[in-house]
Every structure is written in C-alpha cells, then in structure tokens.
Protein chains: 2
Amino acid sequence: MKTQSATRKSFRREGEDKRREDLIAATLQCVAERGLAGATVREIALRADVTPGLIRYYFPAKDDLIGAAYRAVMSRMTVQASDALKNADTDPRARLSAFVTANLGAPIMDPHNLSLWAGFIGLVHADPAMAAAHRDGYLGFRDELEALIRDALFSAGKPADGSVTRRHAIAVNAIIDGLWLEGCLAGDIFADGELAETGIAAIEAVLGISLSTKGGAK
Amino acid sequence: MKTQSATRKSFRREGEDKRREDLIAATLQCVAERGLAGATVREIALRADVTPGLIRYYFPAKDDLIGAAYRAVMSRMTVQASDALKNADTDPRARLSAFVTANLGAPIMDPHNLSLWAGFIGLVHADPAMAAAHRDGYLGFRDELEALIRDALFSAGKPADGSVTRRHAIAVNAIIDGLWLEGCLAGDIFADGELAETGIAAIEAVLGISLSTKGGAK
DNA sequence: GCTCTAATTATGCAAGCGTATAAATACTGG
DNA sequence: CCAGTATTTATACGCTTGCATAATTAGAGC
C-alpha cells in the first residue's frame, strides 16, 4: 500500500552504473513496445520507477540516453553472437556455422531488435555522432565475419587471400543481414530454423565449401 | 516582394491529385532530411507551400499522410525495379540479372531511401495498418523475384518446383536486401558497381547457374 | 548520532505538437 | 458577371514534450 496520500515518493540511492543500466533498459522497453516516439522522458522514468528529473541527472539530454540505448542494443547483439562462438567447436567451419545460426535465431532475430535498430538508423542520417557509432558496430561485425570466413576457407583447403575474403565477407554479411531482416519482419511465415538453414545453405554455395562437420557425430 | 504586411496568403486551387502528391513529396523530404520526428504537420506544410490546415483537408489525420508516404516510397522503388525489366532482354537469366542490378544501384540504393524505409519500419511494429502495408509490399517483391528465379532456373534446364524456388527466393531476396542495406549505409566504401557484381556472383552461386548472357563460360 | 553532500523528487515553464473550426477566397457553371 | 461551392487560410485550443530549478532526503563518513 502507498505510504500516505500527499507524501513524497520514497526512494533508494542506487549506484551510478545501476541507474544508467536501468534507465537504458527502460528506454529499450519503451522503444520496443511503442516505437521511438513512445520513448518519452516521462514514460521512461515511469518504467524505471523514477521521476523524470533524474534522467537529466545522468544524461545531459534525452538524445544522450537514446544514443546510449542504441549502443547498448548493438553491443548486446554483438556479444550474443560472439558468445555463441565461445561455446562452439574449434573446427573453423563449425564455428562459422554456429555464428550464422546464432544471428538468425532468438534472441538476436527479434522484432524488437529490428524496431530499435530501425528507429535509430532513421536518426543516423541526421546525427553524425550516431552515424559514427553505427559504422563502428557495422565494421566490427564484418571484420569478425571475415576472420571466420578466412579460417573456414583455409580449413577447407581453399585459397583465402584478402581480396577474395573481402568480397565473401560482403556477400555473407548481406545474407545474414537480409535474412535477419526477413525474420524480424515476418518471422511467423517461416518454419522454425528455416532461415538459419537457408542462410547456411546459401553461404555454403557462395563460399563453395561445406559447413557441416560431417566427420563427426550425428 | 511580399504582397502586404498583414495580408492573407494568396493561393491557387490545385487538383486533388496534385496536392496529395505535393504533400507526400514534402513529407518524404522532411523524413529524409530530419527523420520521422522532423516530419511535423507544420514543417510539411511549409515545404509544400501550404498552410497546415490544408493537410487535414486531404488526410483525416497525420498518420494517414505518413502511411501514404510510406506506400509511395515502397511503390516507387518497386516500380523502378520493374521498369528495369521492361527495357531488358527477353532472356530470363538476363532479366534476373537486370533486376538485381537495378535494385543495387541508383536511384534505388540511396541513403535517402534507407532513411525513409527505416523511419517507417519503426512504426510497423506499433501500427497494424502500417504492418499490413509493409507485408503487402514485401510479399509482392518476393513474388516477383520468385517468378524471375523460376524462369531463370527453367531456362538453364534446372528443376524449379515450388519448394525449391520458395527457398531460393528467400535467399536471393536476402542477398538483395542485405547488399542494398550495406550500400545505403556505407556506399562510399564500395567501388562503383561492386555491390551489384557481388550480388550477382552470390546469386549465381546460390542458384547454381550463370546469369551472364555470354555463350556460356566466363 | 550528526553532518554534509550527492542523489532524488517536485514543480513549473516555454515551445511545439496534432487537431478542430470558422472565416476568406479562387474557381466553376450558369 | 454573378452566385455558389470546394478549396484554402487563419486562429485557437488542449495536450505533451524536453528541460530547468528549487526543495527534499538517503546514506556515507566521522
């Protein structure tokens, strides 16, 4: 029950990190549920169980919070994909396969993530700082992918010099992005795992190698 | 020079179609330049050289204008791609190739288009009417693509039953979308025509056929 | 347990938003 | 050239937004 009728909201002092995280989480929740336009200072504060003023205590302006939220999403997706590699095989081809599968399944391939991403992309064009943040994330992803491809090609005894891996990375990146997009936008019209399978088959065709570890189990 | 200091704005009566087009064009301009948030009723009216009230004369609510603008972008891109087919060869493989090239070059692969598209996609998740509009456009595109693929496979003497063309359409669509995305986001880091070439090479690999009209070998 | 300060709430404001509605005007048909 | 009407402008209202600032309080250090 509420303490009193006309009383001040009671509160606890939280660590700076904790508060920032909470505010970012609340922001993401808003954006996911009601779009970027739904992420108002007041609504965010409500979800973080905090008064609006506090937001400005931690973020100079609303845009800074939005930017932080964007970076959080991108980094979260990147980390999730990389995590899938940590627990994966050591075989390079299996690793590439695992990476693709991770990116084309939950929780990365999620309409909420697309909403967030798209909302921010709309801002990228107007805000240079945001644009830089975006490009960094994008190139980081492609570099990681290119390394995986190089290893996979090498492991299959295929030539893998720079010019060929670059182009392959572009193509494979496109396949992943495109399928991710399709899955996020209309996941319900695809069977479970269909997009991941399709992606791996397409990538195998493009690279001209098999990604299955047929020597081993199953 | 302005007519008078405290005078009414003079105006001309335009046809309904012309006005709607102008308003949509002004909306797209706003969204492209300053994001969806920049597309306010007043700003749109300003660009269309019209007073804000007129917008509501042609569109019951602002959202209707936004929706119309979204449909206009999608249809414009679709039409541009289809136009490329009109002037193209009759050879099915050349037609598929032309379709891909058109989608991965100007004016379709343009940062403005991405800005527009992304801004709207953010709404799709929240607004059911927008979601329907989007799905229609998406499926239309994929159907057109699937038909092209079927013809190309057939012309190359490859089996092309429904289940195989469906999956191929998904993959090829992903390649086009993904490369379109990459090009829009960072077109400057790619050589001219590089993305189109990459796309065609990838699609050839996925379909297992050549798309060049030359006698055969590369 | 007191004190001090940083964290948090409360209050308010100016600007901008979408929308409603009434007044004015350019064109159309006679 | 006149009347009628569809189109356009003008004005205003209520709401929400981001942001500023003053008042409060929780918790750390002594």
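Helices, in the α numbering used in these legends, are DSSP runs of H or I with at least four residues, counted from the N terminus. The model shown is predicted.

**Figure 1. Overall view of chain A in the predicted model.** Chain A is built from 9 helices and has 0 strands. Along the sequence, its elements follow one another as α-α-α-α-α-α-α-α-α. The C-alpha trace of chain A extends over about 75 × 40 × 35 Å along its principal axes.

**Figure 2. Confidence along chain A, given as pLDDT.** Chain A has a mean pLDDT of 89, with 94% of its residues at 70 or more. Among the elements of the chain, helix α2 (residues 41-47) of chain A has the highest mean pLDDT, 98. The lowest mean, 81, belongs to helix α6 (residues 111-124) of chain A. Over residues 1-5 of chain A, pLDDT stays under 50. For this stretch of chain A the model has 1 contact beyond four places in sequence.

**Figure 3. Relation between chains A and B.** Chain B is superposed on chain A by a rotation of 180 degrees with a shift of 0.1 Å along the axis, and the RMSD is 0.3 Å. The two copies are therefore related as by a two-fold rotation axis.

**Figure 4. The side of chain B that touches chain A.** In this interface, 32 residues of chain B contact 32 residues of chain A. Helices α6 (111-124), α7, α8 (162-186) and α9 (194-207) of chain B each contribute at least two residues to the side that touches chain A. The most comes from α8(B), with 13 residues. By class, this side of chain B has 19 nonpolar, 8 polar and 5 charged residues. Of the interface residues of chain B, 100% are also interface residues in chain A, so the copies meet through the same surface.

**Figure 5. Surroundings of DNA strand C.** There are 27 residues around DNA strand C. Those that come nearest are F11(A) and G53(A) from chain A, with T40(B), V41(B) and K62(B) from chain B. Two or more residues of the surface near this strand are given by each of α1 (16-34) and α3 (52-58) of chain A, and by each of α2 (41-47) and α3 (52-58) of chain B. Helix α3(A) gives the most to the surface near DNA strand C, with 4 residues. The class counts for this surface near DNA strand C are 13 charged, 9 nonpolar and 5 polar residues.

**Figure 6. Surroundings of DNA strand D.** DNA strand D is surrounded by 26 residues. The closest are T40(A), V41(A) and K62(A) from chain A and F11(B) and G53(B) from chain B. Helices α2 and α3 of chain A, together with α1 (16-34) and α3 of chain B, are the elements that give two or more residues to the surface near DNA strand D. The largest share, 4 residues, is that of α3(B). The residues of the surface near DNA strand D comprise 12 charged, 9 nonpolar and 5 polar.

**Figure 7. Contact of helices α5 and α7 in chain B.** Two packed helices are described by the angle between their axes and the distance between the axes. For helix α5 (residues 92-103) of chain B and helix α7 (residues 128-155) of chain B, the axes come within 8 Å and cross at roughly 145 degrees. The crossing of α5(B) with α7(B) is left-handed. On the α5(B) side, the residues in contact are P92(B), R93(B), R95(B), L96(B) and F99(B). On the α7(B) side, they are L148(B), I149(B), D151(B), A152(B) and S155(B). The contact of α5(B) with α7(B) has 6 nonpolar, 1 polar and 3 charged residues.

**Figure 8. Backbone details at P107(A), P107(B) and D49(A).** Most residues other than glycine have a negative phi, and most peptide bonds are trans. The peptide bond joining A106(A) and P107(A) is cis, with omega about 0 degrees. P107(A) is in the loop between α5 (92-103) and α6 of chain A. In chain B, the peptide bond from A106(B) to P107(B) is also cis, and its omega is near 0 degrees. P107(B) is located in the loop between α5 and α6 of chain B. D49(A), a residue other than glycine, has a positive phi near 55 degrees. The loop between α2 and α3 of chain A holds D49(A).

Note on methods
Residues numbered from 1 in each chain as written. Chains lettered and ligands numbered in written order. Predicted model: local features only at pLDDT ≥ 70, side-chain atom pairs only at ≥ 80, totals over all residues. Near = placed C-beta within 6 Å. Nonpolar A, V, L, I, M, F, W, Y, C, P; charged D, E, K, R; others polar. Axes fitted to C-alpha atoms, helices over the stretch in contact; angles between N-to-C directions. Left-handed = near helix turned anticlockwise from the far one by under 90°. Contact = placed C-beta atoms within 7 Å. pLDDT = per-residue confidence, 0-100. Least-squares fit on C-alpha atoms with pLDDT ≥ 70 in both.
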